[in-house]
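Open the model in your viewer and keep the selection box handy. Each stop below says what to select next and what is there.

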Amino acid sequence: MDGMVRFSTAAGRWVLLATVLGSSLAFIDSTVVNIALPEIGRDLGADAAGLQWTINGYALSLAALILLGGSLGDRFGRKRIFMLGVAWFAVASLLCGLAPNIGWLIVARILQGIGGALLTPGSLAILEASFDREDRSKAIGAWSGLAGIGGALGPFLGGWLVGIGDWRYIFLINVPLAAIVLLVAARHVPESRNPDASGHIDYVGVLTGAIGLAGLTYGFTAWPMRGAGDPVVLATLALGVLGLAAFVLAERRARQPMMPVSIFRNKAFSGANLVTFLVYGANGGVFFLFVINLQVVAGFSPLLAGTALLPSTVLMLLFSARSGALGQRIGPRIPMTVGPLICALALLMMSRIGAGAEYWTGVLPSVIVFGLGLTLLVAPLTSTALGALDDAYAGIASGVNNAVARAAGLLSVAVLPLAAGLGGGSLTNASQLSPVYRNTMMICAALMVAGGVLAWFLIPSRLPSHSPVKAFCDPSAPPVHPSRTAPVRSGR
């Protein structure tokens, strides 16, 4: 491809800036809003379901459409779809910042998720298509590190903005940042697309997947207020189950599916994604309630609550590469078994954080242990999810694993408060939140243990250098073109 850029040049740095800053918008908004939930609840008079949907509205549209975003970029141009996603995200962020009530905010968050689904897969696809082959690994490594730093600074920035002003600032700040991304991308990012990409879009898969996730999410979120026997709850849960069943059926029959079902015949790939669902479901519960508990029950400021998990992120940034090397040397099974067990221990420690907790003695030790567990787990997990399949399926494998992680986080925010006994209680009332938080941490610890046990039985001690496609793909099926689904790294 003509026009390839080199990593050490100004052109390469501009491309990297646009993709890192653009993808960071979506990464940060996946977590920073949690810090503002108590203020949002008080300001807009939102109940627990409204606050859950403030998180889930974004996660739902992002999880449902992220695979579609990659295929649209391959077909219509990665730069074009990336810029469309950034612009869409900016407008939706403005609507979030101007929200007069919780209903407005939820709708705007759903729109934000659509923008995130368009821009997120495009960032890595642009790097893959723009950089010279010899420099791609450097560019992707730099993207991972810089995006990780952005994710680490997000909670700090959110806590600071909430502390000095208004929760609306965490959304409004996206607008000037998105404008910078658009200016840089328009001027410096080359356009690319897959010339072999089919004109077919898997609309049936998109629709059935979105209906399935939306039905389950709404049903579980409405359950505490309406009751298990409420017709709306039963109908939406049934719709969710039927939608996901229809999604699987549609992907089995589709000529060019978003998610080829045949890839799950590979035991290591299926095992990695099952472990991903469990551990990222647990993570979703932790990131949703941990910072709320610190503010509402323990009495921390938004800034201190927002930075409480920062040591975990720092540990991951410092040692994830070494963890990946360790997994490559000894195999992924042991790190993927021990890592979740360490996280489970940390969550048991976190469950004891209550009124009057001190950061240095009551919070920091559990956060450090949690970070060590994630550091040991995440790199081997991602490598297994990508490396279990033949290299030709790397884009599909990465996109599926990313979607599984986001769907797990989405469902955990809907299900865990219900399972923990929230009922009709409030997430901004300390006496009602405290037992729900404690029970949620215990459930999340159990999910981590389950993930570790499954990893021991399902993940091989060594991954093959490549997995022959014929071993698990129906030879009578039409060929799958992995480039139609843009690579998506697990920047969760």
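**Stop 1: α2 against α11**

Select helix α2, residues 32-44, and helix α11, residues 267-296. These two helices are oblique to each other, because their angle falls in none of the named ranges: under 35 degrees is roughly parallel, over 145 roughly antiparallel, 65 to 115 roughly perpendicular, and the rest oblique. The packing angle is about 45°, and the axes lie 8 Å apart. Axes here are lines fitted to C-alpha atoms, for helices over the stretch in contact, and angles run from 0 to 180 degrees between N-to-C directions. Helices are DSSP runs of H or I with at least four residues, numbered from the N terminus.

This is a predicted model, so local features need pLDDT of at least 70 and side-chain atom pairs count only at pLDDT 80 or more, while totals for chains, interfaces and linings use all residues. Residues are numbered from 1 along each chain as its sequence is written, and side-chain values use heavy atoms, with hydrogens and water left out.

Now look along the crossing. α2 passes α11 in a right-handed way, meaning that the near helix is turned clockwise from the far one by less than a right angle; anticlockwise would be left-handed. Show side chains for N34, I35, L37 and P38 on α2, and for F287, F288, V291, I292, Q295 and V296 on α11. They make the contact, which means heavy atoms within 4.5 Å. Color them by class: eight are nonpolar, two polar and none charged. Ala, Val, Leu, Ile, Met, Phe, Trp, Tyr, Cys and Pro count as nonpolar, Asp, Glu, Lys and Arg as charged, and the others, Gly among them, as polar.

**Stop 2: salt bridges**

How many salt bridges does a search of the whole structure find? It finds three. The cut-off is a side-chain nitrogen of Lys or Arg within 4 Å of a carboxyl oxygen of Asp or Glu.

Stay on α2 and select E39 and R42. Their closest N and O atoms are 3.1 Å apart. Both residues sit in α2, three residues apart, about one turn of the helix. E39 has 30% relative accessibility and so counts as partly exposed. The scale calls a residue buried under 20% relative accessible area, exposed over 50%, and partly exposed in between (1.4 Å probe, protein chains only).

Next, select D43 and R168. This salt bridge has its closest N and O atoms 3.7 Å apart. R168 is in the loop between α6 (136-164) and α7 (169-172), and D43 is in α2, so the pair ties together parts that are 125 residues apart in sequence. D43 is partly exposed, at 42% relative accessibility.

Add D166 to the selection. Its side chain meets that of R168 in a salt bridge, 4.0 Å from N to O. D166 is partly exposed too, with a relative accessible area of 27%. Shared partners join D43, D166 and R168 into one network.

**Stop 3: α11 against α17**

Return to α11 and add helix α17, residues 430-458. The angle is about 160°, with the axes 9 Å apart. α11 is therefore roughly antiparallel to α17. The crossing is left-handed. By class, this contact has 24 nonpolar, seven polar and one charged residues.

Zoom in on T440, which lies in α17. Is T440 buried or exposed? T440 is buried, at 0% relative accessible area. Leaving out residues up to four places away in sequence, T440 touches G285, L289, L416 and A420.

**Stop 4: α4 against α8**

Select helix α4, residues 78-97, and helix α8, residues 174-188. They pack at about 165°, with axes 9 Å apart. That makes α4 roughly antiparallel to α8. α4 passes α8 in a left-handed crossing. The contact has 13 nonpolar, two polar and one charged residues.

Finish on N174 in α8. N174 is buried, with a relative accessible area of 5%. Which residues does N174 contact, leaving aside neighbours within four places in sequence? They are L25, D29, F89, S93 and Q112. Now set a distance label from N174 to A90: their C-alpha atoms are separated by 6.1 Å, although the two are 84 residues apart along the chain.
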